[in-house]
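Q: I am new to this structure and would like a close look at a single part of it. Could you walk me through the nonpolar core and what lies around it?

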Amino acid sequence: MTNHAIFDRPLGVNPPPGYDQAIFGMGCYWGVERLFWQQNGIWLTEVGFAGGDVQNPTYDQVKRGDTGHAEVVRIIYDSSLISYDHLLQLFWENHDPTQGERQGNDVGSQYRSLIMTFSEAQEAAAEAAKADYNNRLAVQGFPEITTDILPAGPFWPAHEAHQQYLEKNPDGYCGLKGTGVEASMPNPDPI
């Protein structure tokens, strides 16, 4: 089993007791993974694919758009250090959730905006944050948010070469770019 390049923990593990997980799709997963691994309270990040209908897809299959999967990052986090609301704020502010099946120059359903939830509480928080951010964007002239919010389905890890890609390739591609519109501030993270 491969270890995380920064946290030196095995990839593919379940959250330890007392930890939670989240899955976000925000376009190309390399920059998304780096955004989250840099946050205090993140225990593990892992890039992969979710939201499609093919078992264990390859990167090439997903890239062709044949599988229905999105590029996503699975995050295991300590909710006593970083809240789900804080993760949602990072999600909304660091990509454009109004672009449909693309992020900037990255075009295709694999780059769509996606939140996969692991509990009713996560689903309620994601839906509330989506409604709030949709209003904030509308005031600034943006179209409707196209983000899908779905119950978590299978997560298929990407090839080892894609894991922590921007740590291994510091000058690698990162298309991560927000709208410049701030999301609502979450309650302060637990101390």
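A: Here is a tour that starts in the core, moves to a pair of helices, and ends with a few individual residues. Please keep in mind that this is a predicted model.

Let's begin in the middle of the topic. The largest nonpolar core has 37 residues, and those touching the most other members are Phe24, Phe36, Tyr84, Leu87, Leu88, Trp92 and Ile115. Several elements supply at least two residues each to this core: strand 1 (20–26), strand 2 (42–50) and strand 3 (70–77), along with helix 1 (29–37), helix 3 (84–93) and helix 4 (120–139). Another core, of 7 residues, lies apart from it; Ile23, Ala70, Met116 and Phe155 are among its members. As a general background, nonpolar side chains in soluble globular proteins tend to be buried together.

To see the contacts of one core residue, pick Leu87. Leaving aside residues up to four places away in sequence, Leu87 touches Ala22, Phe24, Phe36, Ile42, Tyr77 and Ile82.

Now turn to two of the helices that supply the core. The axes of helix 3 and helix 4 come within 10 Å, crossing at roughly 40 degrees. At that angle, helix 3 counts as oblique to helix 4, because roughly parallel is kept for angles under 35 degrees. The crossing of helix 3 past helix 4 is right-handed. On the helix 3 side, the residues that meet helix 4 are Tyr84, Asp85, Leu88, Trp92 and Glu93, and their partners in helix 4 are Gln122, Ala125, Ala126, Ala129, Lys130 and Tyr133.

Next, find Gln164, in the loop between strand 8 (156–157) and helix 5 (165–168). Gln164 is buried, with a relative accessible area of 1%. Not counting residues up to four places away in sequence, its contacts are Asn3, His4, Ala5, Ile6, Leu11, Glu33, Trp37 and Thr45.

Last, look at the cysteines. A search of the whole structure turns up 0 disulfides. For Cys28, the closest cysteine sulfur is the one in Cys174, and the two sulfurs are 7.2 Å apart, so they are too far for a bond; a disulfide would need them within 2.5 Å. As for their surroundings, Cys28 is buried, with a relative accessible area of 13%, whereas Cys174 is partly exposed, at 30%.

Terms used: Residues are numbered from 1 along each chain as its sequence is written. This is a predicted model: local features need pLDDT of at least 70, side-chain atom pairs count only at pLDDT 80 or more; totals for chains, interfaces and linings use all residues. Side-chain values use heavy atoms; hydrogens and water are left out. A nonpolar core is a set of buried Ala, Val, Leu, Ile, Met, Phe, Trp, Tyr and Cys residues joined through side-chain atoms within 4.5 Å. Buried means under 20% relative accessible area, exposed over 50%, partly exposed in between (1.4 Å probe, protein chains only). Helices (H or I, at least four residues) and strands (E, at least two) are DSSP runs, numbered from the N terminus. Contact means heavy atoms within 4.5 Å. Axes are lines fitted to C-alpha atoms, for helices over the stretch in contact, and angles run from 0 to 180 degrees between N-to-C directions. Angles under 35 degrees count as roughly parallel, over 145 as roughly antiparallel, 65 to 115 as roughly perpendicular and the rest as oblique. A crossing is left-handed if the near helix is turned anticlockwise from the far one by less than a right angle, and right-handed if clockwise.
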